[in-house]
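Reader: I am new to this structure. Please take me through one part of it closely.

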Amino acid sequence: MSRALTFRAAATLVARREFGQRLRDRSFFISTAVTVGIIAVVALFPRFTDVGEDSFDVGLLGGDQALRSAVQQQADVAGVEVEFGDVADAEQARGAVTDGDLDAYVDGDSVYVERDLDDSLRAVLQNAYSQVQGSAALSEAGIDPEEVTAALNGATLGTVTLDPEAEERNTRGVVAFFGSMVLFGQLMGYSMWVAMGVVEEKSSRVVEVMLAAIPARALLAGKIVGIGLLGLVQLMVIGALGLALAGGLGMVTLTASMLTPVLLSLGWFVLGYAAYSCLSAAAAARISRQEELQNVTTPVTMLTMISYFASFLAFMSPDSPLVGVVSVLPPFSALVMPIRMARGDAAGWEVGLALGSMLLLIVLLVALAARIYEGAVLRMGAKVSWREALTPDRGTSTPAGK
């Protein structure tokens, strides 16, 4: 007579089976490739467009080198990019503006545009023109423009940054925000995998054979752990490739601090997945058909969506009081708190409260999900109510017409 498996051995056996089975699933590799592809598109998109920076093409008639130099100087001060187009005469310049090759051209004391002149470009051209005309007026008056410029620029204000790490913290916040977007997809996808696995085993009655050898709680624990480990591995691969791509394109400097948002995403994935997968498993155990899965998991999906939108609020309005509340409130904290922690906006007590609350919720959900799973997974036919799933009478079948 073979010796019965312990809870740990049974859960480990199921976890290995789930991990290996899902790893061989083609959808795993497709989802990984799609996610990395999206990150690549987001990283490369600004390089092929003018999105995110002010860039203008300007033509200067008459070959005025002084004006060209002044425009370049003013553009550097304003933080915009100006490219100069070669135009021989007014007719050619007008055609270039009409065709969209130039944003504007300067002829004498006028700026010519097709419709509107951008405010940033207007300021650059106006300041440059005033500088050139002012220098010319000083020369005519017998005053050396360079001496005047040296006198005006002799005294400068120094800049003292009260928060020298602000730029780095903002960069970490951006990385954490994109991490939360990936985290949202991971939580949605892998908690749904748990739910689908539960329904699949129940509808095929495979679960009856498995429960004859191992406890129901061990089966549930192994399924959640095995699928979760695969999700964690995928998230690590995505994070490593994403950081390498961003670093290679010069978007971020790959320092130890840049690993912080990635590690935060991994840690909060474990916590968030534990909560959402328990909810999904408990909901899925109540039904016997895949067609009913979307209906019973809608509340879980809604919770995840609310968390997702809250992460946008945390990124756009980090000082909002609502963000502070949601970041410590489980299960929403799984997507919101990583952003605040990466930016350094979360106080120590807030982080501790968020972690403690999430862990407490996970403990309660694990106990509840295990109870519901044991009470409902062997009840075939119509959807099992929450009350029936929580009753101690397990193992009976619900008639299909009930």
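Which element gives the largest share of the nonpolar patch?

Author: That element is helix α2, which supplies 4 residues, the largest share of the nonpolar patch. Bear in mind that this is a predicted model.

Start with the patch itself. It lies on the surface and covers about 740 Å². Its members are I30, V34, I38, V42, V174, F178, M181, F309 and F312. Three elements give two or more residues each: α2 (26-44), α7 (166-203) and α12 (298-316).

Now pick out one member. F178 is found in helix α7. Is F178 buried or exposed? Neither word fits. Its relative accessible area is 37%, so F178 counts as partly exposed. Buried would need a value under 20%, and exposed a value over 50%. A patch residue must have over 30% relative accessible area, and F178, at 37%, has that.

Next, set the patch against the whole protein. The accessible surface of the protein comes to about 21800 Å². Carbon and sulfur atoms hold 60% of that surface. The protein has 402 residues, and 41% of them count as buried. There are 16 helices and 4 strands. Contacts reach far along the chain. Take those with a separation of 6 or more: residues 24 or more positions apart account for 73% of them.

The strands deserve a look too. An open sheet of 4 strands runs in the order β2-β1-β3-β4. Its pairing is mixed. The edges are β2 (81-85) and β4 (110-112), and each of these pairs on one side only. Neighbouring strands in the sheet are turned by 30° against each other on average, direction ignored.

Look inside the sheet at β1 and β3. Strand β1 covers residues 55-60, and strand β3 covers residues 104-107. The two run parallel and are joined by 3 bridges. One residue to find here is V58, whose bridge partner in β3 is A104.

Two helices lie across these strands. Helix α4 (residues 90-99) lies across β3 and β4. Its direction is at about 160° to β3. Helix α5 (residues 119-140) lies across β1, β3 and β4. Its angle to β1 is about 40°.

Back to your question, then. Follow α2 in the model, and you follow the element with the largest share of the nonpolar patch. Then find α7 and α12, which also give two or more residues to the patch.

Note on methods. Residues are numbered from 1 along each chain as its sequence is written. This is a predicted model: local features need pLDDT of at least 70, side-chain atom pairs count only at pLDDT 80 or more; totals for chains, interfaces and linings use all residues. Side-chain values use heavy atoms; hydrogens and water are left out. Two strands pair if DSSP finds at least two bridges between them. Axes are lines fitted to C-alpha atoms, for helices over the stretch in contact, and angles run from 0 to 180 degrees between N-to-C directions. Contact means heavy atoms within 4.5 Å. Patches are made of residues with over 30% relative accessible area and no salt bridge: like charges are joined within 9 Å, nonpolar side chains (Val, Leu, Ile, Met, Phe, Trp, Tyr) within 5 Å. Accessible areas come from the Shrake-Rupley method with a 1.4 Å probe; for residues, only the protein chains shown count as cover. A salt bridge is a side-chain nitrogen of Lys or Arg within 4 Å of a carboxyl oxygen of Asp or Glu. Buried means under 20% relative accessible area, exposed over 50%, partly exposed in between (1.4 Å probe, protein chains only).
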